[in-house]
Every structure is written in structure tokens, then in C-alpha cells.
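User: Could you take a close look at one part of this model with me? I would like a connected account rather than a list.

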Number of protein chains: 2
Amino acid sequence: MPDSSRIIALDVHDVRFPTSEHLDGSDAMNPEPDYSAAYVVLRTDAPDGLEGHALAFTTGRGNDVQANAIAALTPYVVGRAVAEVCADLGGFARSLVHDPQLRWLGPEKGVIHMATGAVVNAAWDLAAKRAGKPVWRFLGEMSPEELVGQVDFRWLSDALSADDALDILRRAQPGRQERIELLLARGYPAYTTSPGWLGYSDEKLTRLARVAVAEGFTQIKLKVGAALEDDVRRMKTARAAVGDDVRIAVDANQRWDVQPAIDWMRQLASYHPYWIEEPTSPDDIMGHAAIRRAVQPIKVATGEHVANRVVFKQLLQTHAVDIVQIDAARVGGINENIAILLLAAKFGVPVCPHAGGVGLCEMVQHLAMFDYVAVSATLQDRVIEYVDHLHEHFVDPVRIRDGRYAAPTLPGLSAQMRPASLAEYAYPDGPAWAARG
Amino acid sequence: MPDSSRIIALDVHDVRFPTSEHLDGSDAMNPEPDYSAAYVVLRTDAPDGLEGHALAFTTGRGNDVQANAIAALTPYVVGRAVAEVCADLGGFARSLVHDPQLRWLGPEKGVIHMATGAVVNAAWDLAAKRAGKPVWRFLGEMSPEELVGQVDFRWLSDALSADDALDILRRAQPGRQERIELLLARGYPAYTTSPGWLGYSDEKLTRLARVAVAEGFTQIKLKVGAALEDDVRRMKTARAAVGDDVRIAVDANQRWDVQPAIDWMRQLASYHPYWIEEPTSPDDIMGHAAIRRAVQPIKVATGEHVANRVVFKQLLQTHAVDIVQIDAARVGGINENIAILLLAAKFGVPVCPHAGGVGLCEMVQHLAMFDYVAVSATLQDRVIEYVDHLHEHFVDPVRIRDGRYAAPTLPGLSAQMRPASLAEYAYPDGPAWAARG
């Protein structure tokens, strides 16, 4: 019997966690974030109650703006046939991105693009659940031709054509099944940011860094950029805590102009930072290129605030970054992230996803694992960020074992939150917020 | 007596005009726009009823998202002392841009940045009205030091420091008063896009192009990018209509990838287009640079969708554009546009503002005239876009004489709409929309 079910509702929840109370997540540009989700549920009239769940991440105020933007996409989604959406997720994503009136609000950046990304990701959750597979495997078992059909190549052809993409995907076809088995057996490497928040004392940093090494992590990350003296001391403290064999990345969260970034990093260089993340504006391609030239061999990384594939394209064309940090909830959803993974593969640059926040670890692990199975086909110098916040609110939370992400096995994108959490942290009327007045 | 008045309300109106019915404003990426304004009014308790008016422009759907984002800024504005805001508009703008939670929604791009721009511009309208001056003159009579205080130099220092800005402004100090007089006497040069919408017939194009020349315009603009054969014919038609001495700019509204842009422009080259506007993605700095190298002597222009000063900085650093097209309602308001004018002056690139839409002509004329008075100090190769749409809805509409913008003389930013228009075109409940069902 053909599937005649339809998407009958797009629900949006404004969910916020009072993380600012403990300075978890504190950095040089985000001193007091309340990690939040503009959370979307696509409901269908399928007999099995099929739904799609995903979210846009914010840091508190403005989560209502993001939720409103998602709700504005309702007429583009509700009423669509589930089978048609699932059969052409590339077409579905393009129909949202290219709406000739909505695109003025970006184009393809900021609030409207993150809203598109949340809805597109919810459609992938729905499609993967319908197929009975976790998203990483759902993607990893698509043919190269199907995968190329997911990508919007507009504005990419000077760096990546559909033929280039097909070549990359076909080269990675041999060994797909073996890599799926390896992921299921051993998981995907992670690094942890949990020791390094700016608001933590040196004692807490030392303790958490040692815990991280004991737990099997081979890379940790420190937030930097508020005060040079403090950063030198914290970097020295962290190096003493973990020894010479553990990589220490540092993250300035966009704090610097170009020359200050170079000067600051030279002061930290003797402690061998592995990469400097977000040294300056995420829009500043030329700035990243200049910083990279000056601070080698320290690597330059960015991505969590990079607005879209066109900016990633240029970061790669100009050799401005050593590490591409995709984010599951910043760009226009899985479709655009497939384009970014293909661009990184074309230029031979490793992808080390940004995560943390709310649900970002849960979602982005699927993209990294798909990359390993079907795009780059390697784990060399690849790690997914891990932060031990807020996973308890998810139905299928990430599982870390020996410093690695265990491969998800439940169908979907792992972004579904527990109903009790959605209710407790609903903003502003949920019990968690009502109690705080 | 000190001014103890405060901002007591931030009102937002969703106002839309059914322009799609006549294909006014039709281009290759925006086939059927309904020109719209997310319109903001800052109300005060000043005894004279002082208010500040400005707007964010959109093309229809999504205007509610933009209006919601503006409304979300209410707690940052309401309750502030009028005298304090007016004494430090630079600080006011920075307080909105750098809010550590809201900035996640951009940073400094898209819906949240346009919302900031609308509120900042409304504060400038309020401040200029309070000073009894049109904004161009209010700005043009500030000291170089005051003007530098308006600018957020974060992320600019590798291209423009505060000292550079001060040098530029001091160099332009002699002759300010003379240029003010010249503007009042003769106005500022304009060009017109009215003949060239993609939806118009060749006959209408010819007729309107001849009217434009008869009215004193020395430059017109055609929309291109939908079909090459049509564009060649329309370019030939326009050239025949206006002769060899009138500049014809063409505008692709982001339609092309890099190589297609080059190929297409080579087909139009024999009709001597003056500039190609938005040949590709507004985020594609390297793409614009490549196109510019290939299509010289045709000039490359962009800006109406350039998200912020950091992207303009790079377009200038890489010699990617010949013309900087500021827009009054895309970036973070007058403060950021001052930064962009200073960047353009530093690199010696003329500014030819984007206008049209709703109220964009009214607002941006103030920036171009300020540039002439106090920044670039020249009119050489400078023109402001003019489109003859929707001016009747403004209290102080632009006045075009002999192909030039007459300098506004009423206090403020000229963005204030007539109450009857706000009511008639309120969306979705105003009479104009209720009648359309």
C-alpha cells in the first residue's frame, strides 16, 4: 500500500537551560550563556505516529526570535506528503532556501538559515526513522548519485562541481561496509572542552584535564582571549596537567583582530597549542589566511559561526584554515553540511566538528561518521568535540567510551528531547524558569 | 533644564505593498516581490512628542520574522534616557551588537543584524530631529573625533584603524561648509532602475529609458540573468534608446556562479555595460575578485546583501569591487555604514548606494550626502540609485530634480511613513490586504 501520510503540524518549543548559573560554557565572547534550543517537531498522520525532531541552538536571549523564524516556515512544510519529502530531501531543502521572498532575510545566513537548517534536519530525522536507520548510516548507505542529489551546487562550481563530488564519493565506495563495522565496534574519536571554560579556576582546570586524560581523551581544549596573562598561566597549567602527548587546542571565540591574534598566539606558542579556533570574525576569510601564515605550525580552525558553504569554500580556496569545524545547527541543514564535507574532502582538509551546546553533539556525530563512511574515508586527525552538558535531556544521548563517540544505533538524528525536559525547561513558563522568577 | 525624557515604547509595524501585481521590482532572483517594511517607532515622553522612525526592508514573506526580531530588542531600548542615547549613539549601537546572547543569532548578519540596524537608525532619526537637522547634515557637522566615536573598529584594524579614520575625516574638513551649500543648491547625482525590471516588455523598456534621459539621468540600470538571449536583446534595445553617452549598468541579483558570470558578461560587453552588479553570491569575495579580473573594463559592484563591515573590508582588501553599494537597511545601521564609508575612502573606491524598495532611497541619500560633505569629499563617479516606487507613503519623500536627489531639509532620516499608509497596508489586516482576501 503506498504511503499516503502527510506532515500535519510543525510545532516549535522555546527551551532554555539556566547554564549561566555555573559558568559552564563561558568564553571570551559569551560570558554567561543560557544554552537554549528552538526545538522543532514535524508531526505526521502516519499510523505509526512518525515524527521528525531537530533544533536550532542559541545561547539564551533571542531563542524566541529563532523559534518565530522556524514557525514562519510552517506553510512550506505542513501538508506535504511524507513519501515525497523523504524521496527528495535535496529538493525539499532547496524549496526552503530558494524561496524568492524569504531569501531576502539572509540570503542563506543568520536566523532564517538556522531556521531552515532546523526544519531540514527534522525532515532527515523523520526520513531516517522511516527507513529504520540512524542518520549516519542512512546517509552512508546512499549511492554517490543520491548523495550528489542532496547538494545545492549554486555558487560552488568554481571549487566543486557535481562531477567532482561524484568522483570523491565513488573513490570512497570501496570499504564503506568495513568502515561501518569499525564505527559500530570502536566508535569515532572525540576531544573534550569540559576542562577549559574561561570561568573555571586553575585547580578545576587541572583536575578536569587529568580526568579527561584518564578517560581516554587524547585532546582537550581551553577557552582563551580574555586576558593574556591568565591564558599563559592556564596554558602552562593545562600542559603540566596532561603532559606532552595530549593535544591542547585553544579557542578565542572571535575575540581578536588579525594582528592581536598573531601576537597573542606567539605568547602561547611555547606550550604547543594544537590549533587556534575562531581567532577572529567568522566572516574574515582573509584575516584567517593571514593569521594562519603567521602562526604556523599552530593550526587554524573555524566553522561554528561560518554562515554557509560559500564562506567555507573561500576558507578552503585561500588556504585560510587547517581544520573545518562543521556545526549541525548553523547552516541550512544536513544537505548543506554534505556540501561542506565534500568541499573539505576536495581540498584535503580534515573536518573536526563543533559540538556542545544543546544537542549539537547528538546531531553532529552523524555527519562525522557519514564523512568517515562515504566521503573522506579516514579518521586521520579527525575528532568530534565533546562537552558533557545536558545530554540527560535526550532520548538517545551520545555515549562516550574511552574518549570516543559510540556509533548511534537507534533510527534518526538523535536530536529528540525527553518530553519531561521539554516541559521543565519551557521558556518562560516551565517549572525551571517559573521557580527562578 | 536638563532633558529627563525617556524612550517609553518601541512599536513595530508589519507593512507590505502588493508590488508583485505589476512586476515592479522583478529580477532574476526575486521574480515577484511584495515590497515590505518592518517599521519601527521609538516613542518618548518628551513634551514635544519626539519620536524616532526607521525600517528594515524585506520583499514580503518573512516580514513578520523581521518585525519579531525588532520587537525582541525592546528591553534593550525602552527605559533609556533620550539625552544619553543621543549623546553616545556609538555606544548605543555597540550595546545592541555586542549583547553576548543575541550575537549568537548572527553574529552581525541576517535578521538580527537588520533588526539592530532598524533600531539604531530610528535612534539616529530621533537624535537628528532633536537637533533640528536632517541626518546628512547632523553627521556632516560632527567633528572628526565625534564621528570616529560612532564606529566599532572591531575586526577592522588590519585595514582601517581609528587613526586612519581620523586622518580621512580631517583631510575632508576643509570645504565642508561649501559642499553643504552645493548639496542644498544642486543636490546629489542619481541613476534610475525604473526602466529595467525584468518583467517589463522591450517597448516599455525603450519608452522608460528615453523618459529617464529626458529627465536628466546620465545612468540607467537593467536587470539581467534570467535568459542570455533576452539580455543581449534588452541591452541592445536599451543602448539604442539612450545612445552612447548614457551609462547602462546591469544587475544579476546573485544569479550566477563565477565562470557563468564571466561568460555572460562577455556576451554583453559589446554594448558597453558600465558595471555588473551582484554577479554572484554576496558572500563570495574571491568570486567577485575573479570576475572583476576577467571582465575589465566592466566594473564590478555589490553591497545590498553584504552582511557587514567585515565582508566589505575584504571586498576592498582583495580589490574585488570597483563600486561599493551601501544599503541603509542591511547592516547594523548608520554607525556601521560610517565604517563602510571610511573603508571605501581608505581604498579609494566610490560608493554608489543601493536604494529602491520601501524607504531605502529616503534613508540612504543621507549617507551619500554625508560621505560627500565629510568623508570622500567628492562626487566623482558617485550616483545614488533611484527607483520611483512608493515614495508617496513618506512624510518627507525624496525629491528628484534633473536626475539628482535634492538635499533633504526637514529634520531626521526621512524614513517616517504617513499614518494613513501604515494603516492601509498593515499586514494582514489593513484594508489593502483585507480587500485582496
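Is L390(B) buried or exposed, and how many C-beta neighbours does L390(B) have inside 10 Å?

Analyst: Happy to help! This is a predicted model, in which local features need pLDDT of at least 70 and side-chain atom pairs count only at pLDDT 80 or more, while totals for chains, interfaces and linings use all residues. Residues are numbered from 1 along each chain as its sequence is written, and chains are lettered from A and ligands numbered from 1 in the order in which they are written.

L390(B) counts as buried because it has 24 C-beta neighbours inside 10 Å; buried means 20 or more other C-beta atoms within 10 Å, exposed 12 or fewer, partly exposed in between, with C-beta atoms placed from the backbone. Its setting is the loop between β10 (384-386) and β11 (400-401) of chain B, where strands are DSSP runs of E with at least two residues and helices runs of H or I with at least four, numbered from the N terminus. L390(B) is not a glycine, although its phi is positive, about 65°.

E278(B) makes a good companion: this non-glycine residue has a positive phi of about 45°. E278(B) sits in the loop between β7 (273-277) and α13 of chain B, and is buried, with 28 other C-beta atoms within 10 Å.

Loops of chain B also hold cis peptide bonds. One joins Q296(B) and P297(B), with omega about 10°, and P297(B) belongs to the loop between α13 and β8 (299-302). Another links Y427(B) to P428(B), with omega about 5°; P428(B) lies between α17 (419-424) and α18 (431-434).
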